[in-house]
Amino acid sequence: MEDSDQKTAIDHLRQVKTYVLRAGRMTEAQKRDYVIHAARWCLPFAERILNFTDVFENTAPVTMEIGFGMGRATAIIAAENPDKNYIGVEVHRAGVGRLLGEIERRGLTNLRIIEYDALEVLSSMIPNESLSGFHVFFPDPWPKKRHHKRRLVQRPRTDLFASKLAPGGYFYMATDWEPYGEEAYIELTATPTMESMYEGYAPRQTWRPETRFEVKGIEASREIYELMFRKKSLED
Ligand SMILES: C[S@@+](CC[C@H](N)C(=O)[O-])C[C@H]1O[C@@H](n2cnc3c(N)ncnc32)[C@H](O)[C@@H]1O
């Protein structure tokens with residue numbers, strides 16, 4: 001795809017949302033944590049490229065998680081990797097409130113939250129070739145055919161992800177929806193500069209904590225599929 005064609009395609013897909021904002025209830029604790037801690041740990045959406053060194057006050061690599069839900073895995077991963085930085089992006093405020101509480105309880109300083117559409121965040125706030133990884137755990141499967149265009153992991157959205165990864169950076173997706181796993185594998189393989197690190201699905205990455213939606217999938221006897229891709233480096 002030419003750069004200009006890709007931009008048009010991305011602009012078009014940006015109008016199709018990958019989520020639905022439901023007026024979900026927040027617990028009192030989530031509301032309280034949101035009110036008290038959002039100013040400290042949430043980065044407001046802005047049409048301005050972030051300077052990660054200013055944000056984190058260090059030069060450690062930065063990984064973005066898209067759609068962290070209630071943020072269970074996000075908090076555990078950030079706590080276990082204090083030498084790395086994380087940006088969690090989610091549109092549901094209850095999850096944002098929940099994760100803010102976890103940041104405080106665990107004393108995390110390497111995690112920031114952006115409460116906004118991740119595709120807009122990427123386009124407007126994230127420098128090209130700046131991220132060391134993406135985590136996309138159990139993205140909405142959108143099983144109905146007429147909703148497939150809402151799936152997050154498809155071209156040209158994957159082209160946008162690739163453009164934000166530093167050479168050698170990874171894209172890690174887990175899903176319990178086999179047809180989505182298959183489609184995402186094809187779409188990522190078709191994305192120039194991206195290649196699978198495994199032949200077929202990846203083995204379970206033992207460092208990934210179980211997520212809330214993963215538990216639901218397992219309870220429904222669904223298998224888990226993991227995809228691990230990387231952005232080729234110049235030497236490849
Ligand atoms: C099925 S849930 C999975 C949540 C969590 N990762 C888990 O495994 O428990 C998918 C989440 O992705 C979020 N999401 C979908 N598209 C998004 C986008 N473009 N930007 C930010 N969040 C998004 C939804 O709001 C939802 O909370």
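## The sheet and its pairings

In which sense do strand β2 and β3 pair, and over how many bridges? They pair in the parallel sense, over 4 bridges, with β2 covering residues 85–89. If you want a register point to check, look for Ile-87, which stands opposite Arg-112 in β3. Keep in mind that what you have on screen is a predicted model.

Zooming out, this pair belongs to an open sheet of 7 strands. The order is β3-β2-β1-β4-β5-β7-β6, and the pairing is mixed. At the edges sit β3 and β6 (194–196), each of which pairs on one side only. From one strand to the next, the twist averages 20 degrees.

For an antiparallel part of that mix, go to β5 (residues 165–175) and β7 (residues 225–231), which are joined by 6 bridges. Here Phe-171 is the residue that stands opposite Phe-229 in β7.

## Around β3

Being an edge strand doesn't leave the faces of β3 bare: both are covered. On one side of this strand (residues 111–114) you'll find Leu-111 and Ile-113, on the other Arg-112 and Ile-114, and all of them are buried. So Arg-112, the partner opposite Ile-87, is a buried arginine because it counts among those covered residues.

Two helices are worth picking out in this region. Helix α5 (residues 93–106) comes between β2 and β3 in a right-handed β-α-β unit. Helix α4 (residues 72–80) lies across β1 (62–66), β2, β3 and β4, and runs at about 170 degrees to β2.

## The ligand shell

The ligand is surrounded by 22 residues. The closest are Gly-67, Gly-69, Ala-118, Phe-138 and Thr-211. Two elements give two or more residues to this shell: α6 (118–125) and α9 (212–219). Of these, α9 gives the most, with 3 residues.

If you're thinking about chemistry, the shell divides into 12 nonpolar, 5 polar and 5 charged residues.

## Out at Lys-149

Is Lys-149 buried or exposed? Lys-149 is exposed, because its count is 12 other C-beta atoms within 10 Å, and 12 or fewer makes a residue exposed. Its place in the chain is the loop between β4 (131–137) and α7 (157–164).

How far apart are Lys-149 and Gly-69, C-alpha to C-alpha? The two are 21 Å apart in space and 80 residues apart in sequence. Gly-69, remember, is one of the closest residues to the ligand.

Terms used: Residues numbered from 1 in each chain as written. Predicted model: local features only at pLDDT ≥ 70, side-chain atom pairs only at ≥ 80, totals over all residues. Near = placed C-beta within 6 Å. Nonpolar A, V, L, I, M, F, W, Y, C, P; charged D, E, K, R; others polar. Buried ≥ 20, exposed ≤ 12 C-beta atoms within 10 Å, placed from the backbone. Pairing = 2+ DSSP bridges. Right-handed = clockwise from strand over helix to strand, strands pointing away. Axes fitted to C-alpha atoms, helices over the stretch in contact; angles between N-to-C directions. Contact = placed C-beta atoms within 7 Å.
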